[in-house]
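The exercises below ask you to read a protein model step by step, first as a whole and then in its details. Keep the sequence and the structure in view while you work through each solution.

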Amino acid sequence: MTENRFRAAAYSKTVSSGRVSWSAPSNIALVKYWGKKADQIPQNPSISFTLNECKTITTVSFSKKESEHEFSFDLYLDGEKKVDFKPKIHTFFKRIAQYLPFLKTYHFKIETSNTFPHSSGIASSASGMSALALCLMSIENLHLESEMAEADFNKKASFLARLGSGSACRSIEGDLVVWGDHKEVTGSSDHYGVRYPFTVHDNFKAYQDVILLVDKGEKQVSSTVGHNLMHNHPYSQQRFEQAHSNLSELIKVFESGDLDAFIGIVESEALTLHAMMMTSMPYFILMKPNTLNIINAIWKYRQDTGSKVCFTLDAGANVHVLFPKKESDSVLVFIKKELASFCQDENYIIDHVGFGANKNDI
Ligand code: PMV
């Protein structure tokens with residue numbers, strides 16, 4: 001069983017207290033994960049670009065406590081104690097305790113902050129859960145005679161992050177990560193993300209992502225609710241099969257550098273994700289009028305200029321504008337002149353593909 005691989009070997013060192021810190025990025029899916037089985041097992045494989053600038057920075061201080069009956073932790077966001085985040089962390093700790101036997105032996109102070117504004121409508125769960133999983137892995141390392149090999153460390157960190165928030169397992173490494181069993185992707189697994197193992201054409205190196213903040217409010221539908229709506233969904237089976245075939249197509253596209261084919265797959269995936277929400281029961285429309293205004297403006301710009309800019313969406317109204325590095329100057333002018341006015345307070349975040357999480361010196 002895969003899970004057994006991640007149970008800790010006996011700890012050979014005792015550690016009374018310490019402090020570790022990691023920065024972990026957000027990611028943007030090209031083939032979307034939407035629908036899960038028990039224990040955060042995805043219904044279909046997904047692939048994402050790891051981002052570079054949108055990150056969570058988490059520092060965990062830990063000290064031995066008397067009783068080992070309960071979890072004990074406090075969480076601070078930007079220096080402010082947050083009790084409303086505690087249930088999510090508590091659930092996460094419960095799910096991962098069997099893989100990290102030290103969890104009940106310490107009190108943890110978890111201090112976290114995001115490089116993107118909290119109220120941006122950008123989900124911080126992927127970067128947040130991966131940063132926390134990495135901190136816990138560093139604490140596990142302190143208990144071992146010799147540190148884990150990097151590949152094993154990353155795999156277990158991704159495995160743990162998945163149990164916090166599915167897409168978080170794609171935020172450990174970069175620049176392209178696959179999560180979910182796919183027959184053509186060597187090493188792919190439902191249990192953790194793996195770096196995309198095949199050739200990637202230069203067209204996709206340092207790909208740009210500008211996140212247009214159309215709606216900075218809280219998500220209208222939590223992703224947990226959304227995933228659950230894929231149970232008994234009339235189109236779910238076809239959708240899961242489509243994700244497999246879109247990933248197969250993307251393998252060819254990454255090799256050939258065919259940007260038109262890339263655009264077709266990525267935009268169709270985004271609209272399919274929203275189509276699933278619109279056709280579930282209950283049904284939701286998460287796009288806003290300005291989401292559609294932006295999509296139409298991107299299509300017009302592409303037609304007028306031959307640009308290879310395209311869009312993708314998360315489970316919300318914000319738009320990720322994706323484009324090759326060599327188009328940076330022109331597309332940034334287009335965004336400033338023609339798309340910024342569709343954003344709340346004209347706000348957008350300029351990002352690009354990155355290479356994963358980093359341990360911070362403290
Ligand atoms: O990780 P979750 O449970 O928040 O789900 C995220 C799902 C999407 O962002 C909509 C798609 C994806 O693959 O990231």
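Domain bounds, as used here, come from an automatic or database domain assignment. With that in mind, note that the model is predicted, and that the protein is divided into domain 1, residues 2-197, and domain 2, residues 208-352.

**Exercise 1.** Describe the contact between domain 1 and domain 2, beginning with the distance between their centres and ending with the elements that domain 1 gives to the side touching domain 2.

*Solution.* Step one is the distance: the centres of the two domains, taken over C-alpha atoms, are separated by 26 Å. The contact itself takes 33 residues from domain 1 and 40 residues from domain 2.

Step two is the area, which comes to about 3100 Å² buried between domain 1 and domain 2, with carbon and sulfur atoms giving 68% of it. On the side of domain 1, Leu 30, Lys 32 and Trp 34 supply 26% of the area that this domain buries against domain 2, which is more than any other three residues supply.

Step three looks at the polar side of the interface, where the rule finds zero salt bridges, while 13 residue pairs, both at pLDDT 80 or more, are in polar contact between the domains. The elements of domain 1 that give two or more residues to the side touching domain 2 are β1 (17-31), β4 (46-64) and β8 (176-179), and of these β4 gives the most, with seven residues.

**Exercise 2.** Work out the order of the strands in the open sheet of four strands, and explain why β11 and β13 each have one side left without a neighbour in the sheet.

*Solution.* Begin with the order, which is β11-β12-β10-β13, with antiparallel pairing. Strands β11 (310-313) and β13 (348-352) stand at the edges and have a single partner strand each, so one side of each is left without a neighbour in the sheet. From one strand to the next, the twist averages 25°.

Now take one pair from the sheet: β10 (residues 208-212) and β12 (residues 319-323) pair in the antiparallel sense over five bridges, and Val 210 has Val 321 in β12 as its bridge partner.

Finally, add the helices. Helix α8 (residues 289-305) lies across β10, β11 and β12 and runs at about 155° to β11, whereas helix α9 (residues 328-339) packs on the sheet by touching β10, β12 and β13, its direction making about 150° with that of β12.

**Exercise 3.** Find where in the chain Asp 175, Pro 282 and Asn 232 lie, and state what is notable in the backbone at each place.

*Solution.* Start from the general expectation: most residues other than glycine have a negative phi, and most peptide bonds are trans.

- Asp 175 is in the loop between α4 (150-164) and β8, and a cis peptide bond with omega of about 0° joins Gly 174 to Asp 175.
- Pro 282 lies in the loop between α7 (259-278) and α8, and the peptide bond from Met 281 to Pro 282 is cis, with omega near 0°.
- Asn 232 is in the loop between α5 (223-228) and α6 (236-256), and its phi is near 60°, a positive value in a residue other than glycine.

Terms used. Residues numbered from 1 in each chain as written. Predicted model: local features only at pLDDT ≥ 70, side-chain atom pairs only at ≥ 80, totals over all residues. Heavy atoms only, no water. Pairing = 2+ DSSP bridges. Axes fitted to C-alpha atoms, helices over the stretch in contact; angles between N-to-C directions. Contact = heavy atoms within 4.5 Å. Buried area = accessible area lost by both parts, 1.4 Å probe. Salt bridge = Lys/Arg side-chain N within 4 Å of Asp/Glu carboxyl O. Polar contact = N/O pair within 3.5 Å; in protein donor to acceptor, adjacent residues only side chain to side chain.
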